[in-house]
Amino acid sequence: RHLRPLRRPFRAMATAESQFSSTFARALNVGLAAAQAVSETTTKVCVVCRQRVLLPNVGTCQECQQPRCQGCTVSVNVFDIAEEGKTVRVCTVCAPVVQERFRQANYAERLKRVESFLANNLEPYVYSAESRMHKTLRLGGTLFTGLKHVADFLPLGKAATAVKSGFYLVRYGPLMFAGNEIMHALQLLVDLARHVDTGGKAASPEFFAGLYYMMGEQHGARGACPRMSYAEHCDASGRVLAPSPEVIAHLRRLALLVYVAREASPPDAQRLLRQALPSGKLILAEFFEARHRPSYFLAAAAQDKRAYLVLPGTRTPSDWSTDLDAAVQEFDGGYGHKGMLSSAQWLLDTVGPSIVRLHGAGFEVAVVGHSLGAGVAAFFTCLMRIQIPHLQCYGFGTPPCIDASLVPRLEECMVTVVCRDDVVPRLTVHAVQDLVDSVLCPGQVAKTKQWMNEDWTAVQNMERVVELRRRGQPVPAVDASPAQRDAKLAALMEAGVDRDVALQALEAEGGDLERALLKATELEHSGATGAEPVAPPAGAA
C-alpha cells in the first residue's frame, strides 16, 4: 500500500514508451515506402546486371524491350544509305543474336549495291536530315571560327580568351563522349613510351629546348645547302633512284582519292569523286566511331574496269585509340601492329566479299590508304591476296606497322610514299631513342645552352627597348659595334640620306636600319634635324 503511489509514474512511462515505439514504427514504414516509391520512380533495374540505375543512364533494348544500363549496352551498325551511321542499341544478352542478324543483312545490302553498280543502276548517296545536335555543332563551330580569327589580332583582353576557349570547346568538345576509349588510348601510349629507355630525360625541359634548337639548326643547314636532302638520298653513283614518270602520274591520281576520303559524309565524297575519278561512282562509304572499325570508301569506274578501296587516316577519337593500340601481335610468321591488324581483319569480313565480287566481274582492284589507313591497307592486302593474288596497295605516309620478316611479302605488292619530313613513317621506338640521344648528347647540350643565353639576352634587350619607347625616351643602339654602326650609316648615305640625318635616325631607332630609313625620311620632311656633324665612315661615298 505504501508503494502504490510510486507505481503510477512507471506505468505512465511504459505507456508513453509503447506509444512512441508504435509511432516510430509507423513513421519508419512510411519512410521506407516513400523511399521505395522514389526509387521506383527515378531508377530502373538493368535486365543484365540487375543493378538499379538512374533513369538518365537507362535505355531500352531494341530487341527484348527491357531496360539496360550504359555498361550493358552494345551498338550494332546497320548499313543504310538513307541514314548515315545508323545503329541499333541492344543489351549484351541480345547482342550476339542481333549482331549476327545484322551482319548477314549488311552483307546482303552491300552486295546489292555492287550488283546495282554492275547493272548500271546504282542509287547515289543523298544528304540525310541533319540532327539538331549536328546542326548546333556545325553552326557553333563556324561562328567561333570566325570570332577566333577576329580575336587573334584585336586587343580584346579577357573577351579574346573567352572566344578562343569557346572555339576549342565547340571544336573538340565531342571528344568527351569517348571517355573510356580515350583513357584506354592514353594507357596504351604510356605502355608504348616505356619501351624507350631514356631515364625520364625525354620529358625534361632540356630535351624540348634542345629539340627546338636542333630543328632550327638543321633548317638553317638545309637553307644554306638546298641540295642537302638530294645528296642524302644519292646512291654510290651519285644518282637518286626515282620511279618512272608513269608511276608518278599514277600516284598523283591516287592522291586525289585520298582527298576524297577526307570528306565528312558520303554525299560530299561522292561529289568530290567526280573530279578525282570522272567516270567513277561511289559504291560503298561507311563511317564508324568504334575501336578497330575503320571508315572506308569503295569506288569504281566501269569504263576503265578499275576499283579502289580507299582508307582515310585518323578521323575520330576511336581511330586514335586504334593508332595507340601498338601492342605486338603475331601475323603470318612475323609480328605487326595489333590495332591495325585487328582493323584489317574486321574490314576483310565487312567489305571483302564486295571486292571479290568486283574482281570476279573483271575489275582491277587497288587498295589506297593514308596514315592509319595505309597501315590497315597493308595488312588488308596481305589477307586479301589469298583470294586476289594480284591485288596492289598504295600507302601515303604509311606508319611503321610490321617487322622485318614481313617486308618481303609487301615489297611485291605495295608502294608507299613518304613525304619529305613526315614524322609518321619514321615514328618507331628506335627512332625516338636515336632522337633523344642526339638531342641530349654533350655537344648538342652545349650549343643549346649557348643559344638559350643569346636568346635570353635578346629578350632582355627587347624589353628595354619597349620600355624606353613607352616612356618616349630615345632608344640607344643595342650591342652595336663601330663597324656595324659604320656599315649601317654607309647604307643610309648610299640611299641618299644626309649623314647627319642618318646618324640621328639610327640613334633614335636603336640601330634598326629599316626603321632608321623611315625615321630619316620623316626628319627630312619635317626639317627637325639637329644632329652634330660627324665624320663619314670609312669607305663611304
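In this predicted model, the charged end of arginine 113 sits over the ring of tyrosine 125, at 4.7 Å from the centre of that ring. Aromatic side chains also meet one another, and the structure holds six aromatic pairs. Empty space inside the protein is the other topic here: three cavities of 30 Å³ or more are counted, and the second largest pocket encloses about 1700 Å³.

**Aromatic pairs**

- Of the six aromatic pairs, one joins phenylalanine 117 and phenylalanine 363, whose ring centres are 5.7 Å apart and whose planes meet at 55 degrees, so the pair is classed as tilted.
- This pair links distant parts of the chain, since phenylalanine 117 belongs to helix H2 (residues 95–118) while phenylalanine 363 lies in the loop between helix H11 (338–360) and strand S12 (364–370), 246 residues apart.
- Phenylalanine 117 has a relative accessibility of 5% and therefore counts as buried, and phenylalanine 363, at 4% relative accessibility, counts as buried as well.
- Tyrosine 213 and tryptophan 451 form an aromatic pair that is also tilted, with 6.0 Å from centre to centre and 35 degrees between the planes.
- Because tyrosine 213 lies in helix H6 and tryptophan 451 in helix H15 (residues 442–471), their pair ties together parts of the chain that are 238 residues apart in sequence.
- Tyrosine 213 is buried, with a relative accessible area of 14%, whereas tryptophan 451, at 23% relative accessibility, counts as partly exposed.
- Tyr212 joins Tyr213 and Trp451 in one aromatic cluster.

**Cavities**

- The largest cavity has a volume of about 50 Å³, and its lining is made up of Pro294, Ser295, Leu311, Pro312, Gly313, Arg315, Asp319, Leu372, Gly373 and Val376.
- Helix H12 (residues 372–384) provides the largest share of the lining of the largest cavity, namely three residues.
- By class, the lining of the largest cavity comprises five nonpolar, three polar and two charged residues.
- The second largest cavity has a volume of about 40 Å³, and Leu257, Val260, Ala261, Leu273, Leu282, Phe297, Ala299 and Val310 line it.
- Helix H8 (245–260) and strand S8 (296–301) each contribute at least two residues to the lining of the second largest cavity.
- The lining of the second largest cavity holds eight nonpolar residues, with no polar and no charged ones.

**The second largest pocket**

- About 1700 Å³ of space lies in the second largest pocket, and among the 42 residues that line this pocket the closest to its centre are Arg420, Asp421, Asp422, Val423 and Arg426.
- Several elements, helix H6 (205–224), helix H7 (228–232), H8, strand S14 (414–417) and helix H14 (429–439), each supply at least two residues of the lining of the second largest pocket.
- H6 gives the most to the lining of the second largest pocket, with eight residues, and H6 is also the helix in which tyrosine 213 lies.
- H8 supplies at least two lining residues to the second largest pocket, and at least two to the second largest cavity.
- The lining of the second largest pocket divides into 27 nonpolar, seven polar and eight charged residues.

Methods: Residues are numbered from 1 along each chain as its sequence is written. This is a predicted model: local features need pLDDT of at least 70, side-chain atom pairs count only at pLDDT 80 or more; totals for chains, interfaces and linings use all residues. Side-chain values use heavy atoms; hydrogens and water are left out. On a 1 Å grid over the protein atoms alone, a cavity is a set of points where a 1.4 Å probe fits but cannot get out, and a pocket is an open set with protein on both sides within 12 Å along at least five of seven lines; lining residues have an atom within 4 Å of a point. Grid points are joined across faces, edges and corners, and a volume is the space filled by probe spheres set on the points. Helices (H or I, at least four residues) and strands (E, at least two) are DSSP runs, numbered from the N terminus. Ala, Val, Leu, Ile, Met, Phe, Trp, Tyr, Cys and Pro count as nonpolar, Asp, Glu, Lys and Arg as charged, and the others, Gly among them, as polar. Rings of Phe, Tyr and Trp (its six-membered ring) pair if their centres lie within 6.5 Å; planes under 30 degrees apart count as stacked, over 60 as edge-to-face and the rest as tilted. Buried means under 20% relative accessible area, exposed over 50%, partly exposed in between (1.4 Å probe, protein chains only). A charge sits over a ring if NZ of Lys or CZ of Arg is within 6 Å of the ring centre and within 35 degrees of the ring normal.
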